[in-house]
Structure formats: C-alpha cells, structure tokens
Amino acid sequence: FFSEAEVNGFKLKFADLPRDYGVLKATVGVNRTNAAELKNWKLEGFARVVREFPQISWLQVGDFGEPVVPGSINLLGMTTLRELLWILSQAKILLSVEGFLTHASAAFNVPTVVPFTGGHEPKGLLYPCTVPVLPTPIPVCMPCWGSTCSIDGMPCRNDISEEAVLAAVTKEILQ
C-alpha cells in the first residue's frame, strides 16, 4: 500500500524516469555472505540483456558499490526501500538474481525473470509472475545448500544460458 502523499512524492522525485522501464538487480549486493553470493549470475549476461533490449530503459537498483551494468540507468544506493518498491510496482519487468525484489514483485504482479543458480531449490521460490531460468543441464549437485561451490566451473551458474534469459525476457515483454 502506498498513500496518496507517497505516490505524489514518488512521481515528483522520479519524474525524469523513462515511461517504459524494467528494473534490474544484477547482484545480491555488497558485504553479503558467501552463500548469498552463490545466487549471483554472470554480469556479462545482464549486460547482454540490457544491450539487446534497448527499447526498454533498464533501471539498475541495489547498493552503492555493486558493479554497474553498462547501458543501465544507475540508481544504485539512490532510493529508499519505499521508493524502490514503488519503482518496482510501475515496472514492465524485473530481471533479478533471487532475493527480496523477486518476492516483492509478486505483490505487484510484475513479470520477473530470475536466473536461478544452484545454491537453493527454486521450486519453493516461484510465484505466478516468476519466470525461472535454470542451468541446462541441471547439475546433480543442485541444490547444494552450501556456502561455497566446490564443483569446477560452477555449472549451476555458468550453464544458465544467456539465450534462455533473453528468450524469457522477450516472452514477458511481448505479453
């Protein structure tokens, strides 16, 4: 719930944001545990999505200190939680590692594409608006529930194809 006063304030503060945008959360953040960092996908994969969908302005959200995805509009560390939720509520799509925003997007029914790495079981983290993209093939070690990966090449991260993420984003944008 956003009050009328909040909405008016958000509209004023973010009046310069593009009309059609997607929200991008490319990492779990800074100073997170090793287990949380296992959720991160490839930054170059996120950058490719931004490059291949120039018709969408991608607003990158998160903490100061996270790597900036080239071509995105950098809002890292520039919003309060309430502002971020309002921005998310207005988005056409969310592309994100699994985390708070992927859960919050369900409250607003925002289509959410999530490259799920293998640190945890994705089945319990899906909402009707969630589009999971999994590694192919699914590694036998997934989910590992670990705090570090001991498998050479981390297939649960590196075998999530950029093409599969691009296809999921395309499908959601065209709906």
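## A salt bridge between helix 3 and helix 7

Glu-163 has a relative accessibility of 47%, and so it counts as partly exposed. In this predicted model, Glu-163 takes part in a salt bridge with Arg-48, and the closest N and O atoms of the two side chains are 2.7 Å apart. Arg-48 belongs to helix 3 (residues 43-52) and Glu-163 to helix 7 (residues 162-174), so the bridge ties together parts of the chain that are 115 residues apart in sequence.

The two partners differ in how much of their surface can be reached, because Arg-48 is buried, with a relative accessible area of 18%, while Glu-163 is partly exposed. The cut-off that matters for Arg-48 is 20%, since buried means a relative accessible area under that value. Salt bridges that share partners join Arg-48, Glu-52, Glu-162 and Glu-163 into one network.

## How helix 3 and helix 7 pack

Two packed helices are described by the angle between their axes and the distance between the axes. For helix 3 and helix 7, the axes come within 10 Å and cross at roughly 40°, which means that helix 3 is oblique to helix 7. The crossing of helix 3 past helix 7 is right-handed.

Which residues of helix 3 and helix 7 meet? On the side of helix 3 they are Glu-44, Gly-45, Arg-48, Val-49 and Glu-52, and on the side of helix 7 they are Glu-162, Glu-163, Val-165, Leu-166 and Val-169. Val-49 can be followed further, for when residues up to four places away in sequence are left out, Val-49 touches Trp-58, Leu-95, Val-165, Leu-166 and Val-169.

## The nonpolar cores

In soluble globular proteins, nonpolar side chains tend to be buried together. Here the largest nonpolar core has 24 residues, and those that touch the most other members are Phe-46, Val-49, Trp-58, Leu-95, Val-113, Val-165 and Val-169. At least two residues of this core come from each of helix 3, strand 4, strand 6 and helix 7.

A second core, separate from the largest one, has 19 residues, and among them are Leu-17, Trp-86, Leu-88 and Ala-91. Leu-17 is placed in the loop between helix 1 and strand 1, and its relative accessibility of 18% is the reason why Leu-17 counts as buried. Not counting residues up to four places away in sequence, Leu-17 touches Leu-59, Leu-75 and Ile-87. The C-alpha atoms of Leu-17 and Ser-96, by comparison, are separated by 19 Å, and these two residues are 79 residues apart along the chain.

## Helix 4 against helix 5

Another pair of helices can be described in the same terms. The axes of helix 4 and helix 5 (residues 100-108) come within 9 Å and cross at roughly 55°, and the two helices are therefore oblique to each other. Helix 4 makes its contact through Leu-81, Leu-84, Leu-85, Leu-88 and Ser-89, whereas helix 5 contributes Phe-100, Leu-101, Ala-104, Ser-105 and Phe-108. The crossing of helix 4 past helix 5 is right-handed.

## Salt bridges between loops

How many salt bridges does the model contain? The count comes to 9. One of them joins the side chains of Asp-20 and Lys-92, with 3.4 Å from N to O. This pair links distant parts of the chain, as Asp-20 is in the loop between helix 1 (4-13) and strand 1 (21-25) and Lys-92 is in the loop between helix 4 (81-89) and strand 4 (93-96), 72 residues apart. Asp-20 is partly exposed at 36% relative accessibility, and Lys-92 is partly exposed as well, with a relative accessible area of 49%.

Asp-63 and Arg-32 also form a salt bridge, and their closest N and O atoms are 3.2 Å apart. Because Asp-63 lies in the loop between strand 2 (57-60) and strand 3 (73-74), and Arg-32 in the loop between strand 1 and helix 2 (34-37), the pair ties together parts that are 31 residues apart in sequence. Asp-63 is partly exposed, with a relative accessible area of 24%, and Arg-32 counts as partly exposed at 38% relative accessibility.

## Thr-130 in strand 6

Thr-130 has its place in strand 6 (residues 130-133). Is Thr-130 buried or exposed? With a relative accessibility of 10%, Thr-130 counts as buried. Leaving out residues up to four places away in sequence, Thr-130 touches Thr-112, Val-114, Phe-116 and Leu-125.

Definitions and conventions:
Residues are numbered from 1 along each chain as its sequence is written. This is a predicted model: local features need pLDDT of at least 70, side-chain atom pairs count only at pLDDT 80 or more; totals for chains, interfaces and linings use all residues. Side-chain values use heavy atoms; hydrogens and water are left out. Helices (H or I, at least four residues) and strands (E, at least two) are DSSP runs, numbered from the N terminus. Buried means under 20% relative accessible area, exposed over 50%, partly exposed in between (1.4 Å probe, protein chains only). Contact means heavy atoms within 4.5 Å. A salt bridge is a side-chain nitrogen of Lys or Arg within 4 Å of a carboxyl oxygen of Asp or Glu. A nonpolar core is a set of buried Ala, Val, Leu, Ile, Met, Phe, Trp, Tyr and Cys residues joined through side-chain atoms within 4.5 Å. Axes are lines fitted to C-alpha atoms, for helices over the stretch in contact, and angles run from 0 to 180 degrees between N-to-C directions. Angles under 35 degrees count as roughly parallel, over 145 as roughly antiparallel, 65 to 115 as roughly perpendicular and the rest as oblique. A crossing is left-handed if the near helix is turned anticlockwise from the far one by less than a right angle, and right-handed if clockwise.
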